[in-house]
Amino acid sequence: MTPAARVQAAIELLDAVIAAAQADGAPADRLVSDYFRQRRYAGSKDRRAVRELVYAAIRVCGPVPPGGRAAMLRLAQVDPAIVPLFDGSTHGPEPVGAGEPVAAGGVAPEWVESALAASGVAGGGALALLDRAPLDVRVNTLKAARDMLDLPEAGEPLAAPNALRFAAGTPVERWDAYAAGQIEVQDHGSQIACMAVAAQPGETVIDLCAGAGGKTLSLAAAMDNRGTLLACDTDRARLSKLAPRAERAGAGMIETRLLDPGKELAALADYAGKADAVLVDAPCSGTGTWRRKPEAKWRLTPERLNRFAAVQTRLLAIAADLVRPGGRLVFVTCSLLDAEGAGQIDAFLAEHPEWSADTLALPLGREHGKGWRLSPLQDGTDGFFVASLSRAC
């Protein structure tokens, strides 16, 4: 592909990404993969170059662009080397016309930027949400130790005791250590959030929103494969991915339970008031993960944010009924919006006077409201809000 043809391919992909974002369709990485699956003539360098153009354009656009061409013209304002590639050549984009629309810059749609600013995330802190993320792994202590593990590349040891960092794109999933279950891909911030659970061997711990089980596996390692660890979710497809991951990790203690939305407490009646700890890794807007999924900023609407907040409130209430007196509830969202963090905890404590917020002292981050915040700018992690609550004895 010529450089101009790469730009045109990126424009076509951006059209698809914009349409999918507005219709809640497939994520950008899947759209890129599908695009090149149908164009096998494109070499690896072409695929990489087009992908980088697509994601660079997404990152420099704030509100949803009117189209892929407008998004690429916005990128051309940042990178003037792109302008001559609008040359009208075969497979290239048509020359730029007078008065042609150019997408607006910024971090996100204006209302989202305002909500972030009101939550204490503005300026460099907001821009950092769109940086490219590194690749972090967690060394699985059920099978290995960080200082003894022999890997094809030496990762950078991080603040979490079992975390290593590699450059984005490092093929860790092809390594023998990954196949053997010695390492798992997990963002450093996610690992630190799991530390807040303080799961101990022999305890009864419930991961209420386990998904595919990334945090569940981290908890199993912290518990040294001893005790009761129940992984729950309402998404059958995601939860089904946990069993093979747990087998590879040697985490035989994990039990799974599929829940029906709205009937969670009935399905968990045998655990009511018995759990030492419940982790609520709640569904959220994902503002803290834009480094990995920058197009997610175009999917968020005020109505969708309100729906996430309502689900989070309901999950906190469910989790509270599962915790034993003296036990703890850990609430986590990969969001930097107070509506999904500090505000949720304030509302919960106002409604549940028998609960109190614990003081956290995690290796990275800082206090935020009655919880803890991790951010890309200050901590080099995905953005997270974490709170630990204790139920009175």
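Start by selecting R292 and D187 in this predicted model: the two form a salt bridge, with their closest N and O atoms 2.8 Å apart. R292 sits in the loop between β8 (275-281) and α13 (302-322), while D187 belongs to the loop between β4 (183-185) and α8 (188-195), so this pair ties together parts that are 105 residues apart in sequence. Now switch on the surface and compare the two partners. R292 is partly exposed, at 34% relative accessibility, whereas D187 is buried at 9%.

Keep those two selected and add R291 and D382. Salt bridges with shared partners join D187, R291, R292 and D382 into one network. Side chains of opposite charge can pair when their charged atoms come close.

**More salt bridges**

How many salt bridges does a search of the whole structure find? The count is 21, and two further ones make good stops.

Select K215 and D281 next. Their side chains meet in a salt bridge with an N to O distance of 3.0 Å. K215 is in helix α9 (residues 214-222) and D281 is in strand β8, so the bridge ties together parts 66 residues apart in sequence. Is K215 buried or exposed? K215 is buried, with a relative accessible area of 12%.

Then move to K370 and D346, whose side chains meet in a salt bridge at 3.2 Å, N to O. K370 lies in the loop between β11 (366-368) and β12 (371-374), and D346 lies in helix α14 (residues 342-351); the two are 24 residues apart. Both partners of this bridge are partly exposed: K370 has a relative accessibility of 41%, and D346 has 37%.

**Into the nonpolar cores**

Hide the surface and select V197, V205, L229, I254 and V386. These are the residues with the most contacts inside the largest nonpolar core, which has 35 residues. Among the elements that each supply at least two residues of this core are α8, α9, β6 (228-233), α11 (242-249) and β13 (384-391). Try colouring domain 2 (135-185) and domain 3 (189-391) separately: both give residues to the core, so the core lies between them.

Zoom in on L229. Which residues does L229 contact, leaving aside neighbours within four places in sequence? They are V205, T216, L219, A220, M223, M253, I254 and E255.

A second, separate core has 34 residues. To find it, select A20, L31, C61 and I82, which are included in that core.

**A stop at L130**

Select L130, in the loop between α6 (124-127) and β1 (135-139). L130 is buried, with a relative accessible area of 7%. Beyond residues up to four places away in sequence, L130 touches R59, V107, W290, R291, P294 and K297. You have already met R291, as part of the network with D187, R292 and D382. Add P376 to the view as well: the C-alpha atoms of L130 and P376 are separated by 9.0 Å, although these residues are 246 residues apart along the chain.

**Zooming out**

Finally, show the whole protein chain, with its 15 helices and 13 strands. The radius of gyration is 22 Å, close to the 21 Å that the globule rule gives for 393 residues, so the chain is as compact as a globular protein of that length. Along the principal axes, the C-alpha atoms fill a box of roughly 70 × 45 × 35 Å. Of the 393 residues, 52% count as buried. The accessible surface comes to about 16900 Å², and 51% of that belongs to carbon and sulfur atoms.

Methods. Residues numbered from 1 in each chain as written. Predicted model: local features only at pLDDT ≥ 70, side-chain atom pairs only at ≥ 80, totals over all residues. Heavy atoms only, no water. Helix = DSSP H or I, 4+ residues; strand = E, 2+ residues; numbered from the N terminus. Buried < 20%, exposed > 50% of the residue type's maximum accessible area, 1.4 Å probe, protein only. Contact = heavy atoms within 4.5 Å. Salt bridge = Lys/Arg side-chain N within 4 Å of Asp/Glu carboxyl O. Core = buried A, V, L, I, M, F, W, Y, C linked by side-chain atoms within 4.5 Å. Domains from an automatic or database assignment. Rg over C-alpha atoms; globule rule 2.2 N^0.38 Å. Areas by Shrake-Rupley, 256 points an atom, 1.4 Å probe, with all protein chains shown as cover.
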